[in-house]
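Work through the exercises below with the sequence and the structure at hand. Each task is followed by a solution in steps.

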Amino acid sequence: MSIESISLSGRKKLVSNKEMTFWERMYLIAIVKGLIITIQHLFTRKVTIQYPEQVREMSPVYRGQHQLKRDEQGRENCTACGLCALSCPAEAITMKAEERRADEKNLYREEKYASIYEINMLRCIFCGLCEEACPKDAIYLTTSKVLVPSSYEREDFIFGKDKLVMPLDIAMQNAQLKNAN
């Protein structure tokens with residue numbers, strides 16, 4: 001068995017060096033085929049939308065900006081277990097856990113909480129794995145169309161708890177909606 005006949009993938013093809021005909025050398029047939037495709041595209045429906053007037057419908061699996069949830073009493077759900085940071089393929093989430101003090105009982109549900117919780121939005125790929133990994137359902141990706149505001153400074157793209165934690169009034173509205181149902 002010669003080395004030329006061995007193929008590791010089993011998909012080895014023999015290429016023939018046959019002589020091209022006159023018409024193949026002129027490339028006229030290939031040019032005519034290309035022009036036919038171009039003319040066909042002239043008569044197909046355009047997919048362009050006029051953005052400010054028309055808004056494209058979002059996908060049902062759209063994932064927007066991150067938010068840290070609060071419970072019915074306004075306490076943060078996050079217990080700083082770190083599973084969201086471990087599951088993040090882009091390593092965009094960093095956190096620091098601390099023990100809850102006695103005077104912070106109304107701020108946090110568990111004894112341990114995330115004193116520092118940051119998401120680097122320049123690294124985040126909005127995959128939603130952090131949302132799936134969280135056992136306390138503390139982080140979720142909203143359906144908001146606002147993702148990350150533009151800026152010239154890198155520090156503006158590191159979202160801390162000040163930008164991530166759900167506002168207290170929205171948490172209270174959610175609690176009222178749950179109680180009404």
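**Exercise 1: Leu147 and its contacts**

Outside the four nearest places on either side in sequence, Leu147 touches Tyr62, Arg63, Gly64, Gln65 and Phe126, where contact means heavy atoms within 4.5 Å. The model is a predicted one, in which local features need pLDDT of at least 70 and side-chain atom pairs count only at pLDDT 80 or more, while totals for chains, interfaces and linings use all residues. Residues are numbered from 1 along each chain as its sequence is written, and side-chain values use heavy atoms, with hydrogens and water left out.

Task: Place Leu147 in the chain, state its exposure, and give its separation from Glu118 in sequence and in space.

Solution.
- Step 1. Leu147 sits in the loop that runs between β4 and β5 (158–159). Helices (H or I, at least four residues) and strands (E, at least two) are DSSP runs, numbered from the N terminus.
- Step 2. The relative accessibility of Leu147 is 33%, so Leu147 counts as partly exposed. The classes are buried under 20% relative accessible area, exposed over 50%, and partly exposed in between (1.4 Å probe, protein chains only).
- Step 3. From Leu147 to Glu118 there are 29 residues in sequence and 16 Å in space, C-alpha to C-alpha.

**Exercise 2: The sheet**

Task: In what order do the three strands of the open sheet lie, and which of them are edge strands?

Solution.
- Step 1. The order is β2-β3-β5, and the pairing is antiparallel. Two strands pair if DSSP finds at least two bridges between them.
- Step 2. β2 (93–99) and β5 each pair on one side only, which makes them the edge strands.
- Step 3. Between β2 and β3 there are seven bridges, in the antiparallel sense. Thr94 has Glu118 in β3 as its bridge partner.
- Step 4. β3 (residues 112–120) and β5 are joined by two bridges, again antiparallel. Here Ile119 has Phe159 in β5 as its bridge partner.

**Exercise 3: Asp71 and Asn77**

Task: Are Asp71 and Asn77 buried or exposed, and which residues do they touch?

Solution.
- Step 1. The loop between β1 and α3 holds Asp71, and Asn77 lies in the loop between β1 and α3 as well.
- Step 2. Asp71 has 6% relative accessibility and therefore counts as buried. Asn77, at 7%, also counts as buried.
- Step 3. Setting aside residues up to four places away in sequence, Asp71 touches Asn77, Arg109 and Ala171.
- Step 4. With neighbours within four places in sequence left out, the contacts of Asn77 are Lys69, Arg70, Asp71, Arg109, Lys136, Asp137 and Ala138.

**Exercise 4: Positive phi**

Task: Where do Ala80 and Asp137 lie, and what are their phi values and exposure classes?

Solution.
- Step 1. Most residues other than glycine have a negative phi.
- Step 2. Ala80 has phi near 55°, a positive value in a residue other than glycine. Its place is the loop between β1 (66–68) and α3 (83–87), and at 6% relative accessibility Ala80 counts as buried.
- Step 3. Asp137 also has a positive phi, near 55°. Asp137 belongs to the loop between α4 (129–133) and β4 (139–141). Its relative accessibility is 39%, so Asp137 counts as partly exposed.

**Exercise 5: The whole chain**

Task: Describe the fold pattern, the extent and the surface of the protein.

Solution.
- Step 1. Six helices and five strands are present, in the pattern α-α-β-α-β-β-α-β-β-α-α along the sequence.
- Step 2. The radius of gyration is 28 Å, well over the 16 Å that the globule rule gives for 181 residues, so the protein is more spread out than a compact globule. This radius is taken over C-alpha atoms, and the rule is 2.2 Å times the number of residues to the power 0.38.
- Step 3. The C-alpha trace spans about 90 × 60 × 40 Å along its principal axes.
- Step 4. Of the 181 residues, 25% are buried. The protein exposes about 14200 Å², of which carbon and sulfur atoms supply 56% (Shrake-Rupley method, 1.4 Å probe).
- Step 5. Of the contacts between residues at least 6 apart in sequence, 70% join residues at least 24 apart.
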